[in-house]
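Student: I'm new to this one, so could you take me through a single part of it slowly? I'd like a close look at the place where the two chains meet.

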Number of protein chains: 2
Amino acid sequence: MAENIGAAARAMFNFGLTDLRLVNPRDGWPNENVVTMDAGALAKMPPVSVFDTLEEAAANLNFIAATSARPRDMVVPVFTPQSAVTECRKRFNEKQKIGFVFGRERTGLTNDDISLCHAIVTIPANPAFSSLNLAQSVLLMAYEWLKSDDKTPKKTIDPGGRFPAEHKKLDEFLSRLEKELETHHFFRTQEITPTMKRNIRNMFTRNDLTDQEVRTLHGVISALTGKKNA
Amino acid sequence: MAENIGAAARAMFNFGLTDLRLVNPRDGWPNENVVTMDAGALAKMPPVSVFDTLEEAAANLNFIAATSARPRDMVVPVFTPQSAVTECRKRFNEKQKIGFVFGRERTGLTNDDISLCHAIVTIPANPAFSSLNLAQSVLLMAYEWLKSDDKTPKKTIDPGGRFPAEHKKLDEFLSRLEKELETHHFFRTQEITPTMKRNIRNMFTRNDLTDQEVRTLHGVISALTGKKNA
């Protein structure tokens, strides 16, 4: 279906893949209906190539992975998406040409199709509702492919263009807060005071506050106490 | 859009998530148009809940992660999808209630929305074409969530219900093949014979052949030589 091709092209290009090869597309090619689903991807990608058979489409590939349920009556290595892509990325870095094969929307790949693939990729899913559409499968494989070479740190604290506060600025604020709390009889007993002070300091310190935020907190104290900034 | 809600519900349920909470849906709820995109998921899931505000939808959650580009002018930890889900799964295993927040299709989340979230998740994508639709974002997060507790082995060789050949069966075949190759003057020189035999043995041995496949290969030799099976 042309709509599926459009959605699949969008999913590919979202994650940087551009070599789309169609085998015997049902609605012919080119087809106007792709534009309802490709979100402009095809216009930015190199031209799609069209083949009569999977053998021809895969002719220059060195390693071919098919997204499919486990085939019956065939012996073939079955990978998770992430481990398949790890294998493919290793081969890609050795200049091998890699192909991912996806079947027709309803009928999937035949055993004949699979017999020319080196690996099967089975996407783990809810056993009670495991049917993914074509573009979803393409999206997940393309996403894993981009991830396999992605250098984004796992976690970053983005200070929104501002700079984390110097410790002495934070300490000035915390000392001021403690003084005001003493003035307002916040600490009920002598014994508990050091622990409470430590807990309050920790609450603010672990937060990676910026300069700007420390100034805001000074303003909060000024407002609550009716006193100007220290 | 009701169609987006249907597609998002399908993506959630594909990966086993069932607690869908809508905030002020544009087309109202319930809505007939979901059925064009949910592929039957909503009928199998617990009822969707609807809230007027994100605050109410998130009221009983302990940790809230928003899928969004990095917000401007705010300090918030930014995770990759996989690392966010690792953090969420750890908390989930401690009985915390986790929420993933997704914005409107075009306008996304506001800074006010994000200010009540503990973490931002930014999906890595092609910088020249990074716009994912709502259901695609839901699909990727739900997929990562299922993966974070998925025990599927990274790679398995599925013998299709059959059993790998015993070594002696394979050896019988390889010895027969070598004998026939000698008979047919395949090995041109004495010096090269051991290497060629080793290479041929390796080619078949590394393949994890099944009993059935070894029998097939015997049939191949019989056919090519015109002699019955050994």
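Tutor: Sure, let's start with the area: about 4400 Å² is buried between chain B and chain A, and carbon and sulfur atoms give 56% of that. Keep in mind that this is a predicted model. As for why we begin with area, the size of an interface is often given as the accessible area lost when the parts come together.

Now count residues. On the chain B side, 54 residues are in contact with 54 residues of chain A. What holds hands across the gap, in terms of charge and polar atoms? Between chain B and chain A the count is two salt bridges. You can find one of them by looking for E144(B) and K147(A), whose closest N and O atoms are 2.6 Å apart. Polar contacts can be counted too: 22 residue pairs across the interface of chain B and chain A, with both partners at pLDDT 80 or more.

Which pieces of chain B make up its side of the interface? Several elements supply at least two residues each: the helices α1 (2-14), α2 (41-44), α4 (81-93) and α6 (134-147), along with the strands β4 (76-79) and β7 (155-158). The largest share comes from α6(B), with seven residues. If you sort the side of chain B that touches chain A by class, you get 25 nonpolar, 15 polar and 14 charged residues.

Let's step over to the partner. Chain A has nine helices and seven strands. Its C-alpha trace spans about 85 × 40 × 40 Å along the principal axes. The radius of gyration of chain A is 29 Å, whereas a compact globule of 230 residues would have one near 17 Å. Buried residues make up 43% of the 230 residues in chain A. Look also at how chain A contacts itself: among its contacts with a separation of 6 or more, 80% are between residues 24 or more positions apart.

To finish, here's one spot in chain B to zoom in on. A57(B) lies in helix α3, residues 54-57 of chain B. Is A57(B) buried or exposed? It counts as buried, because its relative accessibility is 7%, and the cut-off for buried is under 20%. Leaving out residues up to four places away in sequence, A57(B) touches R21(B), V23(B) and F51(B). And though A57(B) and L22(B) are 35 residues apart in sequence, their C-alpha atoms are 7.6 Å apart in space.

Note on methods:
Residues are numbered from 1 along each chain as its sequence is written. Chains are lettered from A and ligands numbered from 1 in the order in which they are written. This is a predicted model: local features need pLDDT of at least 70, side-chain atom pairs count only at pLDDT 80 or more; totals for chains, interfaces and linings use all residues. Side-chain values use heavy atoms; hydrogens and water are left out. Contact means heavy atoms within 4.5 Å. Buried area is the accessible area (1.4 Å probe) that two parts lose on being put together, summed over both. A salt bridge is a side-chain nitrogen of Lys or Arg within 4 Å of a carboxyl oxygen of Asp or Glu. A polar contact is a pair of N or O atoms within 3.5 Å; within protein, one must be able to donate a hydrogen and the other to accept it, and residues adjacent in sequence count only if both atoms are side-chain atoms. Helices (H or I, at least four residues) and strands (E, at least two) are DSSP runs, numbered from the N terminus. Ala, Val, Leu, Ile, Met, Phe, Trp, Tyr, Cys and Pro count as nonpolar, Asp, Glu, Lys and Arg as charged, and the others, Gly among them, as polar. The radius of gyration is taken over C-alpha atoms; the globule rule is 2.2 Å times the number of residues to the power 0.38. Buried means under 20% relative accessible area, exposed over 50%, partly exposed in between (1.4 Å probe, protein chains only).
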